[in-house]
Amino acid sequence: MSAAGVAAAVCAGSAAWLTVGRDRGLRRARAVLAGGGEAGPGDAAWRRAMARATGRVRHEWWALAGGAVVALLGDSIVPLVLGAAGVPLIRRVRRARDARLDGERRAAAVIALCGALAGEVRAGRQPGEALRAAAGGGLGLADAGAGLGEARAGVLAAARFGGDVPGALEDAAREPGAQGLLGLAACWRVAVDRGAGLAAGLERLEGALRVERDQRGDLRAQLAGARSTAVMLAGLPVLGLLMGSALGAAPLRVLLHTGAGLGCLAVGGVLEGVGVWWALRIVRGVEER
């Protein structure tokens, strides 16, 4: 079977699967509306199955689907190969984005922990008891995600049995986004060793962490325009191909079936990738500073 045939089969199968799923969804919706809006056990099971099926399809696999479509239109295996090569790259970008979101959730959890712990200390509890109540009450470390599971257990054990709480907090601060726990450890060490006010230090720490988070959010909002401009400029070659196809110039045939076209495609792809990487690197550098 030729490359075009393989691409056609892949596209036809995907279209059939989406069409069948959509028709089933419409039939289910009509049945629910006709029955007064209540869904039965079969409808709930169907929704769970569809959620699992769509959850397994990661964003990076759309690159392969797009490559298959272009391979079908251009009657060449090159777009299919490029789409397959783009899958690990997009997966890496997705994982980096997920890690950044996890770090932001941990940072928010640390801020919540500082506020809850300050409130518990103000209420008259001892530091160890206050930490156990704050961390075990759905705030702070309890909401920091699976990445802090082991660290949370160590911190609570140290607080319960009189262990090294600052050391346990410093270990927990090694996770991305949990660097604020270093300040909590310092406040704890100063309050316990020197008798300083723990609640006042925690409140100041919470305010400082909130200000830092807000500044980071403002900076990210200001840089969103630059990031969007870089992505938009990266998509201009696709717009050029669409315009050429609309004018009848057959750009895909020139790019995929001639030596000069393949050379231009290779050089342009390299320059495109380097340009996007360099622009996003500048934006990331500004965010880190």
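1. Helices here (H or I, at least four residues) and strands (E, at least two) are DSSP runs, numbered from the N terminus. With that in mind, L233 can be placed in helix 9, and this residue is partly exposed, with a relative accessible area of 46%. For the words on exposure, buried means under 20% relative accessible area, exposed means over 50%, and partly exposed is in between, with a 1.4 Å probe and protein chains only.

2. A word on the basis of this note: the structure is a predicted model, in which local features need pLDDT of at least 70 and side-chain atom pairs count only at pLDDT 80 or more, while totals for chains, interfaces and linings use all residues. Residues are numbered from 1 along each chain as its sequence is written, and side-chain values use heavy atoms, with hydrogens and water left out.

3. As for the overall fold, the protein has twelve helices and zero strands, and its pattern along the sequence reads α-α-α-α-α-α-α-α-α-α-α-α. Of the 289 residues in the protein, 26% are buried.

4. Helix 9 deserves a careful look, as this helix has 37 residues and reaches 52 Å from its first C-alpha to its last, which is close to the 54 Å expected at 1.5 Å a residue; the expected span is 1.5 Å times one less than the number of residues. Helix 9 also has a kink of about 35°, centred on L223, where the bend at a residue is the angle between axes fitted to the seven residues ending there and the seven starting there. L223 is itself buried, and the buried residues of helix 9 also include L198, A199, G201, L202, L205, E206, L209 and A230.

5. Which residues make the nonpolar surface patch of about 700 Å²? The patch is made by M232, L233, L236, V238, L239, L242 and M243, and the elements giving two or more residues to the patch are helix 9 (198-234) and helix 10 (236-246). Helix 10 gives the most, with five residues. Patches are made of residues with over 30% relative accessible area and no salt bridge, with like charges joined within 9 Å and nonpolar side chains (Val, Leu, Ile, Met, Phe, Trp, Tyr) within 5 Å. The accessible areas come from the Shrake-Rupley method with a 1.4 Å probe, and for residues only the protein chains shown count as cover.

6. Turning to the interior, the largest nonpolar core has 33 residues, of which L117, L131, L181 and L184 touch the most other members. At least two residues of this core are supplied by each of helix 4, helix 5 (127-135), helix 6 (149-161), helix 7 (165-172), helix 8 (180-194) and helix 9, and helix 4 gives the most, with eight residues. A nonpolar core is a set of buried Ala, Val, Leu, Ile, Met, Phe, Trp, Tyr and Cys residues joined through side-chain atoms within 4.5 Å.

7. Helix 4 (residues 78-122) also holds A84, which counts as partly exposed at 40% relative accessibility. A84 and W62 are 22 residues apart in sequence, and their C-alpha atoms are 9.7 Å apart in space.

8. How many salt bridges does a search of the whole structure find? The search finds 13, a salt bridge being a side-chain nitrogen of Lys or Arg within 4 Å of a carboxyl oxygen of Asp or Glu. In one of them, D102 pairs with R105, and the closest N and O atoms are 2.1 Å apart. Both residues lie in helix 4, three residues apart, about one turn of the helix. An α-helix has 3.6 residues a turn, so residues three or four places apart point the same way. D102 is partly exposed at 30% relative accessibility, and R105 is partly exposed at 49%.

9. Another salt bridge joins the side chains of E170 and R189 (3.3 Å, N to O). E170 lies in helix 7 and R189 in helix 8, so this pair ties together parts that are 19 residues apart in sequence. E170 is partly exposed, with a relative accessible area of 32%, and R189 counts as partly exposed at 33%.

10. D171 forms a salt bridge with R174, with 3.4 Å between the closest N and O atoms. Here D171 is partly exposed, with a relative accessible area of 42%, whereas R174 is exposed, at 68%. In addition, R94, R97 and D98 are linked in a network of salt bridges.

11. A last point for checking is A250, which has a positive phi of about 50° although it is not a glycine. A250 sits in the loop between helix 10 and helix 11 (251-257), and counts as partly exposed at 39% relative accessibility.
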